[in-house]
Amino acid sequence: TQVYLLEGTGRILPTYDERLSRAAAESLGRLGVTVRTSSVVTDIQPDGVAVRHDEQPETIPARTETIPARTVVWAAGVQASPLGASLARAAGAELDRQGRVIVEPDLSVAGHPEVFVLGDLAHARQPDGRPLPGVAPVAMQQGAYVARLIARRLRGQATPPFRYRDRGSMAVIGRSAAVAQIGKLRLRRFSAWLVWLFVHLMYLVEFENRLLVLLQWGWN
């Protein structure tokens, strides 16, 4: 089996520090994965994938290639739940290109302060104007915020707008290989993998689950 990872930008994990992107590519290489950056898929057929390589200077035409393949996994871009479109029809909610509901600073739907949208169905803007990523830590903090907001409303108290606290990002590449950036801290390979294991254990709710998972991981 040959595995190709095609990335349209100049490096994998573009939201991470450049050194972590290189470390991730090296870890994938050790697993036997061929990483192709600046490679845009232009067509998919039953027997192969057509790719345009854009790494050449602008004065040189992009190189094209067809990679024989019977199995293609597409992981670029997502579409939000149809519930967003239902909210748009029923409540006049505004949607972005992915079908996410554009929410107010308190995560409510414009014109409907009693309706809240959270997680990867919500287009919640950061102070710099970019939307928050659709990842679990964002949804967890939004859920806790809305719970507090409802409780404060029932007591007649005001609540400040939602503010996401970024506690870092991690990506696991394989056994004993990961990358992590937590504030100014940058970890890679085995040390990042250990942090990844610890964080995932801490998010398991029940102690028994944590113990069982720890024993299984230790045995493996």
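This briefing describes a helix, a surface patch and two loop residues of one protein model. The model is predicted, so local features need pLDDT of at least 70 and side-chain atom pairs count only at pLDDT 80 or more, while totals for chains, interfaces and linings use all residues. Residues are numbered from 1 along each chain as its sequence is written, and side-chain values use heavy atoms, with hydrogens and water left out. Helices (H or I, at least four residues) and strands (E, at least two) are DSSP runs, numbered from the N terminus.

**Helix H1**

- Helix H1 covers residues 18–30 and has 13 residues; at 1.5 Å a residue it should span 18 Å (the expected span is 1.5 Å times one less than the number of residues), and its end C-alpha atoms are 19 Å apart, which agrees.
- The buried residues in H1 (buried means under 20% relative accessible area, exposed over 50%, partly exposed in between; 1.4 Å probe, protein chains only) are Leu20, Ser21, Ala23, Ala24, Ser27 and Leu28.
- Seen down the axis of H1, these buried residues fall within an arc of 165° (the arc of the directions from the helix axis to the C-beta atoms), so they line one face of the helix.
- An α-helix has 3.6 residues a turn, so residues three or four places apart point the same way.
- At the N-terminal end of H1, Asp17 acts as a cap, with a side-chain oxygen 2.9 Å from the backbone nitrogen of Arg19.
- Gly32, just after H1, has a positive phi of about 90°.

**Trp74 and the nonpolar patch**

- Ile44, Val72 and Trp74 make a nonpolar surface patch of about 290 Å².
- Patches are made of residues with over 30% relative accessible area and no salt bridge, where like charges are joined within 9 Å and nonpolar side chains (Val, Leu, Ile, Met, Phe, Trp, Tyr) within 5 Å.
- A salt bridge is a side-chain nitrogen of Lys or Arg within 4 Å of a carboxyl oxygen of Asp or Glu.
- Trp74 is placed in the loop between strand S5 (63–68) and helix H2 (83–91).
- Trp74 counts as exposed because its relative accessibility is 53%.
- Trp74 and Leu6 are 68 residues apart along the chain, and their C-alpha atoms are separated by 9.8 Å.

**Positive phi outside glycine**

- Leu13 is not a glycine, yet its phi is positive, at about 45°.
- Leu13 belongs to the loop between strand S1 (3–6) and H1, and it counts as partly exposed because its relative accessibility is 24%.
- Leu107, also a residue other than glycine, has a positive phi near 70°.
- Leu107 sits in the loop between strand S6 (101–102) and strand S7 (108–109), and it is buried, with a relative accessible area of 1%.

Key: Areas by Shrake-Rupley, 256 points an atom, 1.4 Å probe, with all protein chains shown as cover. Polar contact = N/O pair within 3.5 Å; in protein donor to acceptor, adjacent residues only side chain to side chain.
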